[in-house]
Amino acid sequence: MQLASLMQKLHQKTPKLGKAVSLATATGVITGTSMAAGLPVWLMGAAKVITGSKVADKTVIEVTNRWIKANNALIDNILPHKDWRISLPENVNTQGKYLLISNHQSWVDTSIVQYISENRLPLTRFFTKFELIYIPVIGQAFYFLDFPMMRRHSKEAIAKNPALKGKDIEEAKRACALLKHKPFTLLNYLEGTRFTKAKRDSQHSPYKHLLKPRAGGLSLALNALGADIEGILDMTIVYPDGTPNYSDLWKGNIKRLGVDVRYIKMPEGLLSSMQNGDYEKDSAVKEQFFTWIDTIWQQKDQLITKMLADFETNPQKG
């Protein structure tokens, strides 16, 4: 609390210096915690892969959660006063198994997910490209933490080797299945990329604040994880002062932020069809799934408008 008070005074008296100090502090601490966490994650992760040790697997997750907690403490202690309006359902817990869908605006989004999840939701994973495994430390950490890694095969590669057709889906399902026996939050940005007005206009999106959603990743997760899923969560995130870049977070430039997380229900018949893998072989199921997603996206579009308006009509809230 003393550090938070000192940083608040610094930001108030000399904002430019405050931003520089916050950014430098965050850079130093995150670098240090990443190095401190990286070695045990790598060692325990390797032991997990080689021996299948559940103790090693648990240790990897515990170390990662401590690393995230240390980074979250920076948000609470080195940033100036924030009007962050965050709403999560009460009936979630760190031992649950959840699919989380969200709109996507900035590289900051994932850090915000980690921040709001602390002591509320299990460790968040998300779909990544398999090629990231070759990035030192980070890529291996994703692998050791059972992030579903997608290996895409081009049309040209499939043409040369027809046996590759469908392999990417099979591999993704196997990757998702690694989460079956542990708590998880599996995050899927349905838009597939960060929102910009230019992207929205180029794809003729029917939504004001969103790009057209994609169904592939969510359908894979529903099929691979099946009845193990305890709930589907929908996160809506807004930045009333404009889309930030990553350094804006640590400079304290994100003064206003809105996050709304809520449960969403899928019709039982559709959910059962998705879990059985009917999405890939039944066009009627695929159409029904797209209709359901469109309904969720329309509601999200309206919610974003409401959340943004709330910051203007209730500027002192929070």
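Contact here means heavy atoms within 4.5 Å. The legends below describe a predicted model.

**Figure 1. Surroundings of Thr-110 in helix α4.**
Thr-110 touches Phe-126 and Tyr-189, when residues up to four places away in sequence are not counted. Lys-9 serves as a distant reference point: 101 residues separate Thr-110 and Lys-9 in sequence, and their C-alpha atoms are 28 Å apart in space. Helix α4 comprises residues 108–117 and also holds Tyr-115, which appears in the third view.

**Figure 2. Overall fold of the protein chain, with 12 helices and eight strands.**
The radius of gyration is 21 Å, close to the 20 Å that the globule rule gives for 318 residues; the chain is therefore as compact as a globular protein of that length. Taken along the principal axes, the C-alpha atoms fill a box of roughly 65 × 50 × 40 Å. Of the 318 residues, 47% are buried. Among contacts with a separation of 6 or more, 73% are between residues 24 or more positions apart. The chain exposes about 16,600 Å², of which carbon and sulfur atoms supply 58%. It carries 42 positive and 30 negative charges, and the mean positions of the two sets are 5 Å apart.

**Figure 3. The aromatic pair of Trp-84 and Tyr-115.**
A search of the whole structure finds 11 aromatic pairs. In the pair shown here, Trp-84 and Tyr-115 meet edge-to-face, with 5.7 Å centre to centre and 90 degrees between the planes. The two residues belong to distant parts of the chain: Trp-84 is in strand β1 (residues 83–87) and Tyr-115 is in helix α4, 31 residues apart. Trp-84 has a relative accessible area of 13%, and because buried means under 20%, Trp-84 is classed as buried. Tyr-115, with a relative accessible area of 17%, is buried as well.

**Figure 4. The aromatic pair of Tyr-98 and Tyr-263.**
The rings of Tyr-98 and Tyr-263 are arranged edge-to-face, at 6.5 Å centre to centre and with 65 degrees between the planes. Tyr-98 lies in strand β2 (residues 97–102) and Tyr-263 in strand β8 (residues 256–264), so the pair ties together parts that are 165 residues apart in sequence. Tyr-98 counts as buried, at 1% relative accessibility, whereas Tyr-263 counts as partly exposed, at 31% relative accessibility.

**Figure 5. An aromatic cluster that includes Trp-292.**
One cluster is formed by Tyr-279, Phe-289, Phe-290 and Trp-292. The view presents the side chains of these four residues, whose rings make up the cluster.

**Figure 6. Surroundings of Gly-139 in helix α5.**
Helix α5 comprises residues 138–144 and contains Gly-139. The relative accessible area of Gly-139 is 1%, and Gly-139 is buried. Apart from neighbours within four places in sequence, Gly-139 is in contact with Leu-132, Ile-133 and Met-149. Thr-128 provides a further reference point, 11 residues from Gly-139 in sequence and 9.5 Å from Gly-139 in space, C-alpha to C-alpha.

Technical notes
Residues are numbered from 1 along each chain as its sequence is written. This is a predicted model: local features need pLDDT of at least 70, side-chain atom pairs count only at pLDDT 80 or more; totals for chains, interfaces and linings use all residues. Side-chain values use heavy atoms; hydrogens and water are left out. Helices (H or I, at least four residues) and strands (E, at least two) are DSSP runs, numbered from the N terminus. The radius of gyration is taken over C-alpha atoms; the globule rule is 2.2 Å times the number of residues to the power 0.38. Buried means under 20% relative accessible area, exposed over 50%, partly exposed in between (1.4 Å probe, protein chains only). Accessible areas come from the Shrake-Rupley method with a 1.4 Å probe; for residues, only the protein chains shown count as cover. Lys and Arg count as positive and Asp and Glu as negative; His and the chain ends are not counted. The place of a charge is taken as NZ of Lys, CZ of Arg, CG of Asp or CD of Glu. Rings of Phe, Tyr and Trp (its six-membered ring) pair if their centres lie within 6.5 Å; planes under 30 degrees apart count as stacked, over 60 as edge-to-face and the rest as tilted.
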